[in-house]
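Please read the points below with the coordinates open beside you. They start from one ionic pair and then move on to the domains and to the backbone.

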Amino acid sequence: MKVLLLGGTGEARSLAAAFAAEPDLQVVSSLAGRITDARLPVGEVRQGGFGGTDGLVDWLRDNSVDAVVDATHPFAATMTEHAVAAAREVGVPLLILRRPGWTAVAGDLWHWVDTPSEAAGLLPSVGTRAFLTIGRQGLAAFEQSGVWMLARCVEPPEPVPTWCELILDRGPYDVYGELALMRQYQIDVLVTKDSGGEQTAAKLIAARELGVPVVVIRRPPLPAGVEAVDSVDRVVEWVRARR
Ligand code: NAP
C-alpha cells in the first residue's frame, strides 16, 4: 500500500515514524519546501507544491497512490482543499489529521476573531504593545493597526517588515521563556492562531499568568464531508484497516 502523507507538522513527523514500523507500507511525506533547514520526517520525502489540484491529481496517478493522509497545519487550508478535491477525483481514500484546537480556561482573557484583519482592527481597543505569533503569512494586515508590535516568525517575512520588531525562532517554547520575552518587551496583548498542540501553547499560559489578553484567530473550517481524526494513533488504525 502506498500512502501520500501531507506534512509540515510535528504530527506528520510522528506519523512518518509510526508508519516506518508498519510492514508492507510505502509512505511518501510531502513538504511545501518553504522552510530552510526544515525538520525532515523519516523515510521518503518530496518537497515543493504539486501545482494545484490538477498537479496533485497527476501526482497521485503517476505514483499509484492508494491513500492520502493530510497531516498539514490546521491553517494550511489551501493544501487541504486541494487534497480533498484531488483524492475525490482520483478515487482514493483521504483522512485528515487535525489536532484539537485550544480552549480557554479560568483566568484567560480571549477574544476570538475570524481573520488577521479582524485581529488587527481589534488590537487598539485591547492593548498597546502586541506580540504577533501568527507566522509570516497574514502579518501585513497588522501594518496599519497603530499599535507597537513584536512579531515572531520561523523564517523572515518578505519583504522584511520595518513597522515591527522581528524575532526569528522556532518552537517548542516553554513557559519560562515566554514569560521572560513578554516581560522584556512589556507585551500587553498576544495575537495567535488557534493552532492547537503542545509545542506553542506556553505563550497562552504566560499570557494567563501576566493577565495579558489574547486575540485568537479561528481555524478555517474543514471541507464538507471529509473524514477527520485528532490523533496519530487513529491515523495508523485507519491505514491498517485499509491494507
Ligand atoms: P497552504 O496555504 O494551505 O498551501 C499553499 C500551497 O503550498 C499549496 O497550494 C501547495 O502548493 C503548497 N503546499 C502546502 N503544503 C504542502 C505540502 N505539505 N506538500 C506540498 N505542497 C504543499 O499552506 P501554508 O499555510 O502556506 O503552509 C505550508 C506548509 O507549512 C504546510 O505543509 C503546513 O503543514 C506547514 N505549516 C503551516 C503553518 C500555518 O500556520 N499555515 C504553520 C506550521 C506549519 P500547490 O498548490 O502548488 O500544490
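1. Arg243 and Glu22 are joined in a salt bridge, with 3.3 Å between the closest N and O atoms. The pair ties together distant parts of the chain, as Arg243 belongs to the segment after α7 (232-241), whereas Glu22 sits in the loop between α1 (10-20) and β2, and 221 residues separate the two. Please keep in mind throughout that this is a predicted model. The two partners fall into separate burial classes: Arg243 counts as partly exposed because its relative accessibility is 42%, while Glu22, at 12%, counts as buried.

2. Which residues are joined into one network by salt bridges that share partners? They are Glu22, Arg240 and Arg243, so the pair described in point 1 should be inspected together with Arg240. In total, the structure holds 7 salt bridges.

3. A second ionic pair is formed by the side chains of Glu178 and Arg152, which meet in a salt bridge at 2.8 Å, N to O. This pair also links distant parts of the chain, Glu178 being in helix α5 (residues 175-184) and Arg152 in strand β8 (residues 148-153), 26 residues apart. Are these two side chains in buried or exposed residues? Glu178 has a relative accessibility of 2% and therefore counts as buried, since the limit for that class is under 20%; Arg152 counts as buried as well, at 7%.

4. A third salt bridge connects Arg219 with Asp194, and here the closest N and O atoms are 3.7 Å apart. Arg219 lies in the loop between β11 (214-217) and β12 (227-229), and Asp194 in the loop between β10 and α6, so that distant parts of the chain, 25 residues apart, are linked. Asp194 is buried, with a relative accessible area of 7%.

5. Ser195 is found in the loop between β10 (189-193) and α6 (202-210). With a relative accessible area of 10%, Ser195 is buried. Apart from neighbours within four places in sequence, Ser195 is in contact with His73, Pro74, Phe75, Arg99, Trp102 and Arg219; Arg219 is also the salt-bridge partner of Asp194.

6. Turning to the overall division, the protein chain is split into domain 1 (2-100 + 220-241) and domain 2 (110-217), and the C-alpha centres of the two domains lie 29 Å apart. Contact between them involves 11 residues of domain 1 and 14 residues of domain 2. The area buried between the two domains is about 920 Å², with carbon and sulfur atoms giving 44% of this. Ile35, Arg39 and Phe75 supply 50% of the area that domain 1 buries against domain 2, which is more than any other three residues.

7. How many salt bridges does the rule find across the interface of domain 1 and domain 2? The rule finds 0 there, although it does find 7 residue pairs in polar contact across this interface. Sorted by class, the side of domain 1 that touches domain 2 has 5 nonpolar, 2 polar and 4 charged residues.

8. Ile35 deserves its own point. Its place is in the loop between β2 (26-31) and β3 (44-47), and it counts as partly exposed because its relative accessibility is 33%. Leaving out residues up to four places away in sequence, Ile35 touches Val154, Glu155 and Arg170. Ile35 and Pro156 are 121 residues apart in sequence, yet their C-alpha atoms are 10.0 Å apart in space.

9. Two cis peptide bonds should be checked in the backbone. One joins Glu158 and Pro159, with omega about -5 degrees, and Pro159 lies in the loop between β8 and β9 (165-168). Another joins Gly171 and Pro172, with omega about 0 degrees, and Pro172 lies in the loop between β9 and α5.

10. Positive phi values in residues other than glycine also merit a look. Phi of Asp24 is near 55 degrees; Asp24 is found in the loop between α1 and β2 and counts as exposed, at 68% relative accessibility. Gln186 has a positive phi of about 50 degrees; Gln186 lies in the loop between α5 and β10, and its relative accessibility of 56% is why it counts as exposed.

Conventions:
Residues numbered from 1 in each chain as written. Predicted model: local features only at pLDDT ≥ 70, side-chain atom pairs only at ≥ 80, totals over all residues. Heavy atoms only, no water. Domains from an automatic or database assignment. Contact = heavy atoms within 4.5 Å. Buried area = accessible area lost by both parts, 1.4 Å probe. Salt bridge = Lys/Arg side-chain N within 4 Å of Asp/Glu carboxyl O. Polar contact = N/O pair within 3.5 Å; in protein donor to acceptor, adjacent residues only side chain to side chain. Nonpolar A, V, L, I, M, F, W, Y, C, P; charged D, E, K, R; others polar. Helix = DSSP H or I, 4+ residues; strand = E, 2+ residues; numbered from the N terminus. Buried < 20%, exposed > 50% of the residue type's maximum accessible area, 1.4 Å probe, protein only.
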